[in-house]
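Here are a few short exercises to work through with the model open beside you. Try each task before you read its solution.

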Amino acid sequence: MGPGDGFEWPNGARLALSIVVNVEEGAEMSVRDGDSRPEPVDELGAVPKRPMRVHANESNYRYGIGFGAPRVFGLLEERGIAVTATAAALALERAPALAAQLRDNGHEAACHGYRWVFQHGMSEAEEREFIRSARSSIEASVGIAPVGWLSRLLHTDRTRRLLAEEGFVYHMDDYSGDLPFWDDVECADGRTHPILVMPYALDSNDMKLWTSPSLSPADWARYAIDSFDWLLEEAAAQGPRMMSLGLHLRIIGRPGRIGALKRVLDHVSGRDDVWVATRRDIASAYAAAVPPPANSPATDCTD
């Protein structure tokens, strides 16, 4: 089946727009939490090579929870937009008011690890526990078990298998296209299990406002709008598409940047041909319209 063939998004929408808000603040590397070094922050220009607390660094992350989150979720909720919050579980443990807001306003909480750390160096047992503890913690924080996973970029060859074995529905660590797709993983007992891959995007991510060379807020908004317009036009000719727009509380939530998000939301909202939805809902709609291939029996690795 080619990209976009044979299915439609709900209500005939041509484009499914997935807004992803990364909630990492409070779960980053910190000597306070036993790490050998603090989380580097380019804007501060100081990354010590010895274990020490960098209080300015920590306060930079606190900004995301205290001031960024109200701005970002305020804009979204004014428009009735439900998003996927890819949350490091510890961040929600330390921000219970934000966890309650996600729960009470229909947002999805997906797993972004237990802490916002790399998992590529973990043993299988360590990685499985990392996944399990993240899932349990987020379920306790928001009252619903997460079904999606996003790593901090570096994961292992076994990550997708472990996610399937632990009951996850979709995996986001992929940048290969503009539509979901099925992948088969062989579970520990030898059975094959399909897991849905929900590609993410780095080019439209607001990290481009943070990294060097960076985009200006106006450049980022223009890029996001151009991506949206192109995908929408392409979908009319070639079939449905999905777009990911990644945000961070401590980045887009700054007063000089939040207006760029407003411009993007003004452009994409209120259209009959666009479905703005959580990744959980997009995954469910895609799985209903495009079941796993016939040669991929839907056995459950958790049985």
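**Exercise 1. Find how many residues separate β6 and β7 in their hairpin, and describe Gly-190 in the turn.**

Solution. Start with the hairpin in this predicted model: β6 and β7 form it with five residues between them. Next, look at the backbone of the turn, where Gly-190 has a positive phi of about 90°. Then check the strands themselves: β6 covers residues 181–186 and β7 covers residues 192–197. Their pairing is antiparallel and runs over six bridges. To fix the register, take Asp-184, which stands opposite Pro-194 in β7.

**Exercise 2. Work out the volume and the lining of the largest cavity.**

Solution. Begin with the count: two cavities of 30 Å³ or more are present. The largest one holds about 60 Å³ of space. Now list its walls; among the lining residues are Glu-28, Met-29, Pro-38, Arg-53, Asn-57 and Tyr-61. Finally, sort the whole lining by class, which gives six nonpolar, two polar and four charged residues.

**Exercise 3. Decide which elements each supply at least two residues of the lining of the second largest cavity, and classify that lining.**

Solution. First, the space: the second largest cavity contains about 30 Å³. Its lining is made up of Leu-17, Ala-224, Met-243, Leu-245, Val-264 and Val-268. Match these to the elements: β8 (241–248) and α8 (258–268) each supply at least two of the lining residues. By class, the lining has six nonpolar residues, with no polar and no charged ones.

Definitions and conventions. Residues numbered from 1 in each chain as written. Predicted model: local features only at pLDDT ≥ 70, side-chain atom pairs only at ≥ 80, totals over all residues. Heavy atoms only, no water. Pairing = 2+ DSSP bridges. Helix = DSSP H or I, 4+ residues; strand = E, 2+ residues; numbered from the N terminus. 1 Å grid on protein atoms, 1.4 Å probe; cavity = no way out; pocket = protein on both sides within 12 Å on 5 of 7 lines; lining within 4 Å. Points joined across faces, edges and corners; volume = space filled by probe spheres on them. Nonpolar A, V, L, I, M, F, W, Y, C, P; charged D, E, K, R; others polar.
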